[in-house]
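Subject: Structure handover

Hello,

Here is the structure I promised to pass on. My notes on helices, salt bridges and a few backbone details follow below it.

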Amino acid sequence: MNPDLDSGAGPTLLPADIELIRDLKARKADALGLIYDRYASLVYRLALRILLEAQEAEDLTQEVFLYLWQSQTYNPDRGSLGSFLTTMTRSRAIDRLRSRNHKLKVLQQLGQTMATETPPITPFEAASLQQRSHYVQDALLQLPEKQRQILELAYYNGLSQSEIAAQLGLPLGTVKTWSRQGLLSLRKHLQTWID
């Protein structure tokens, strides 16, 4: 190594980046170790600042130095080694964030899909549902016409009591009273089935 190219970072003469890169291209593992010692803290801190997760920052730090070893793409004429590593770290950290956000969106969409999908009903559940519907229809037929009509508009058509009052031309208080009486009568007719 050439002491003239030393970084002058301390009493021990350290090789300059350009020498380390030359040794790295010659596949000298010691050069990678020295580069790692020199820049690992910079790469890790930047990765941690972007990713906000220590384990992921450590993984990215290893990935950056492994890429430097394997790819041999650093060109000293295009800038310092520190700038090259900083740019690579930032770029890969942003890629990881995008990947993480994409995975999160996929999980959220999957969660929403699963929440909105209802499982298919079994034949037993379908038969039970049909039987209950038949009991309710029979109980509704036993109610006075106006009470039945109000309950059907409310529960089958989804109308509010105000909308029912407007549609039938009845006072709102009358709709409320008949609705309550209809529900009480319906409960009485279905009592044996409820218990």
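A salt bridge here is a side-chain nitrogen of Lys or Arg within 4 Å of a carboxyl oxygen of Asp or Glu. Please keep in mind that this is a predicted model.

**Salt bridges**

Side chains of opposite charge can pair when their charged atoms come close. Searching the whole structure gives nine salt bridges. Three of them are described here.

R148 and E145 form one, with their closest N and O atoms 2.2 Å apart. These two residues both belong to helix α6 (residues 145–155), where they sit three residues apart, about one turn of the helix. R148 counts as buried because its relative accessibility is 17%, and the cut-off for buried is under 20%. E145, at 47% relative accessibility, counts as partly exposed. Elsewhere, salt bridges with shared partners join E56, E63, R92, R96 and R100 into one network.

One link in that network is the pair R92 and E63, whose closest N and O atoms are 2.8 Å apart. This pair connects distant parts of the chain, since R92 is in helix α4 and E63 in helix α3, 29 residues apart. Both ends are partly exposed: R92 has a relative accessibility of 21%, and E63 has 27%.

The third pair is D95 with R98, whose side chains meet in a salt bridge at 3.7 Å, N to O. D95 and R98 are three residues apart in helix α4, so about one helical turn separates them. D95 is partly exposed, with a relative accessible area of 41%, whereas R98 is exposed at 55%.

**Around R92**

What does R92 touch, leaving aside residues up to four places away in sequence? The contacts of R92 are L60, E63, V64 and Y67. In the case of V64, the separation from R92 is 28 residues in sequence and 8.4 Å in space, taken from C-alpha to C-alpha.

**Helix α3**

Helix α3 covers residues 54–71. Its 18 residues should span 26 Å at 1.5 Å a residue, and the C-alpha atoms at its ends are 25 Å apart, which agrees.

Which residues of α3 are buried? They are E56, A57, L60, T61, V64, F65 and L68. Seen down the axis of α3, these buried residues fall within an arc of 165 degrees, so they line one face of the helix. The face turned away from that buried side carries the exposed residues Q55, Q62 and Q70.

The partners that the buried residues of α3 pack against are α1 (17–25), α2 (29–51) and α4. Two residues already named recur in this helix: L60 and V64 are buried in α3, and both are touched by R92.

**Helix α1**

In α1, the buried residues are D17, E19, L20, I21, D23 and L24. They pack against α2, α3 and α4.

**Positive phi values**

Most residues other than glycine have a negative phi. Two residues are worth listing against that background.

- R27 has a phi near 65 degrees, a positive value in a residue other than glycine. R27 is in the loop between α1 and α2, just after α1. With a relative accessible area of 42%, R27 is partly exposed.
- Q72 has a phi near 60 degrees, again positive in a residue other than glycine. Q72 lies in the loop between α3 and α4, just after α3.

**A nonpolar surface patch**

L107, L110 and M114 form a nonpolar patch on the surface. Together these three residues have about 330 Å² of accessible area. M114 is located in helix α4, which runs over residues 81–116. M114 counts as exposed because its relative accessibility is 58%, and the cut-off for exposed is over 50%.

Helix α4 therefore turns up in several of these notes: α4 holds M114 of the patch, the D95 and R98 pair, and R92 of the bridge to α3.

Regards

Note on methods. Residues numbered from 1 in each chain as written. Predicted model: local features only at pLDDT ≥ 70, side-chain atom pairs only at ≥ 80, totals over all residues. Heavy atoms only, no water. Patch = residues over 30% accessible without salt bridge, like charges linked within 9 Å, V, L, I, M, F, W, Y side chains within 5 Å. Areas by Shrake-Rupley, 256 points an atom, 1.4 Å probe, with all protein chains shown as cover. Helix = DSSP H or I, 4+ residues; strand = E, 2+ residues; numbered from the N terminus. Buried < 20%, exposed > 50% of the residue type's maximum accessible area, 1.4 Å probe, protein only. Expected span 1.5 Å × (residues − 1). Arc of directions from axis to C-beta. Contact = heavy atoms within 4.5 Å.
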